[in-house]
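Student: Please take a close look at one part of this protein, the residues that the record annotates as the active site, and then place that part in its surroundings.

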Amino acid sequence: MTDMSAAYVEAFLEMMSAERGAAANTLQSYERDLEDARSFLRSRGTGLTDASADDLRSYLSHLAGQGFKASSQARRLSALRQFYKFLYAEGLRTDDPTGILDAPKKVRTLPKTLSIEDVTRLIGQAEAEAKSGSDDAMAKLRMHALIELLYATGMRVSELVSLPASVLAQNGRFLIIRGKGNKERLVPLSQAAIRAMRAYGEALQEESADSPWLFPSNGKSGHLPRQVFARDLKSLAARAGIRVTAISPHVLRHAFASHLLANGADLRAVQELLGHSDISTTQIYTHVLEERLHDLVQNHHPLAKQAKKQD
């Protein structure tokens, strides 16, 4: 019997392009993933079109054995799901063999973070440079304001660099941030962040008052690019004696959340501050809560105290 798999894959890709407007990169990815599955199944004596759920399960096991991460396996399975839905919709198959397959479980790695001591050194370095009165004083004041704001609020870097200049007119201790989905949230500012922002703001107004952005740039967006801030942050970390590979704007956001939780903050409150729409996203920090609860029991439970006295 002729294997029509290649022809059906081509028809599937045409449908994805014409009816769903899939981008060229997406189509290429689907084609690679389906061709890889087709090659594996052919070695087992079956075609992609006729594969059973067990055949596809063996393919996923093969990927795992080859060292593919769960995320890569899930992407291949997603391509197969789309393909078999197409075959079913076109009457080319009477079933969908992927319907009973479970997606590979992703292992959620703990986010990188910095110790409170490292953050203190980083901010101290930025503050000292901002007060040094060097030739590039504006850049130093800007970096100090960026660092203080990021650690005080836990903003996403995209939210930070695109803050409007109008925030300088806010005299309160709170900042309104426009985040994902154009949603607004209120975050408190530390006194240190307020001082750094004001010092930078005064210098900014003397230099240029035309830009609508707090951190203006000559680039296409009109504000400081994320990549430039990330590069300057690593440079600052090096001068502060902090390992460069250990730091990024996102790491400082994680440090903000981890340090809050370690010092007694509620997970729901941290969710609101980070702008997470779902608590499950914030739960990557539960390891911090577990450590805090362990210390709480060890230090305050009557039996733990009694054991310490006996030692």
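Tutor: What follows starts with the annotated residues and moves outward to the rest of the chain.

The model is a predicted one. The unreviewed UniProt entry carries an "active site" annotation that covers Arg156, Lys180, His250, Arg253, His276 and Tyr285. Two of these, Arg253 and Arg156, are taken up in detail here.

Arg253 sits in helix α10, which runs over residues 249–262. Is Arg253 buried or exposed? Its relative accessible area is 4%, so Arg253 is buried, the limit for that class being under 20%. Setting aside residues up to four places away in sequence, Arg253 touches Gly154, Met155, Arg156, Arg185, Leu274 and His276. Two of those partners, Arg156 and His276, are themselves covered by the annotation. With Gly154 there is a specific polar approach: the side chain of Arg253 reaches the backbone oxygen of Gly154 at 2.6 Å.

Arg156 is placed in a loop, the one between α6 (137–153) and α7 (157–161). Arg156 has a relative accessibility of 12% and therefore also counts as buried. The side chain of Arg156 has two polar partners to report. One is the side chain of Glu159, in a polar contact at 2.6 Å. The other is the backbone oxygen of Gly275, which lies 3.1 Å from a polar atom of the Arg156 side chain. Without neighbours within four places in sequence, the contacts of Arg156 are Gly179, Lys180, Arg185, Arg253, Leu274, Gly275 and His276. This list includes Lys180, Arg253 and His276, which the annotation covers as well. Arg185 and Leu274 appear among the contacts of Arg156, and they are also among the residues that Arg253 touches.

Back in helix α10, Val251 is another residue to consider. Val251 is buried, at a relative accessible area of 5%. Its contacts, leaving out neighbours within four places in sequence, are Lys112, Thr113, Leu114 and Ala246. Gly154, the residue whose backbone oxygen the Arg253 side chain reaches, is 97 residues from Val251 along the chain, and the C-alpha atoms of Val251 and Gly154 are separated by 9.8 Å.

Next comes a patch on the surface. Phe174, Ile176 and Leu186 make a nonpolar surface patch of about 300 Å². Leu186 belongs to strand β2, residues 184–188. In contrast to the buried Arg253, Leu186 counts as exposed, with a relative accessibility of 52%. Arg185, which Arg253 touches, falls within the residue range of that strand.

The charged pairs elsewhere in the chain complete the surroundings. Side chains of opposite charge can pair when their charged atoms come close. The count here comes to 17 salt bridges. In one of them the side chains of Arg239 and Glu129 meet, with an N to O distance of 2.6 Å. Arg239 lies in helix α9 (residues 226–239) and Glu129 in helix α5 (residues 116–130), so this pair ties together parts that are 110 residues apart in sequence. Arg239 is partly exposed, at 39% relative accessible area, whereas Glu129 is buried, at 13%.

Asp136 and Lys140 form another salt bridge through their side chains, at 3.8 Å from N to O. Asp136 counts as partly exposed at 37% relative accessibility, while Lys140 is buried with a relative accessible area of 18%. A further salt bridge joins Asp232 and Arg231, whose closest N and O atoms are 3.2 Å apart. Arg231 counts as exposed, at 53% relative accessibility. Salt bridges with shared partners also join Asp33, Asp36, Arg75 and Arg76 into one network.

As for the protein as a whole, the secondary structure comes to 14 helices and two strands. Buried residues make up 41% of its 311 residues. Of the contacts with a separation of 6 or more, 60% are between residues 24 or more positions apart. The accessible surface is about 17800 Å², and 51% of that belongs to carbon and sulfur atoms.

Conventions
Residues numbered from 1 in each chain as written. Predicted model: local features only at pLDDT ≥ 70, side-chain atom pairs only at ≥ 80, totals over all residues. Heavy atoms only, no water. UniProt positions renumbered as here; feature names shortened; annotations may be inferred. Helix = DSSP H or I, 4+ residues; strand = E, 2+ residues; numbered from the N terminus. Buried < 20%, exposed > 50% of the residue type's maximum accessible area, 1.4 Å probe, protein only. Contact = heavy atoms within 4.5 Å. Polar contact = N/O pair within 3.5 Å; in protein donor to acceptor, adjacent residues only side chain to side chain. Patch = residues over 30% accessible without salt bridge, like charges linked within 9 Å, V, L, I, M, F, W, Y side chains within 5 Å. Areas by Shrake-Rupley, 256 points an atom, 1.4 Å probe, with all protein chains shown as cover. Salt bridge = Lys/Arg side-chain N within 4 Å of Asp/Glu carboxyl O.
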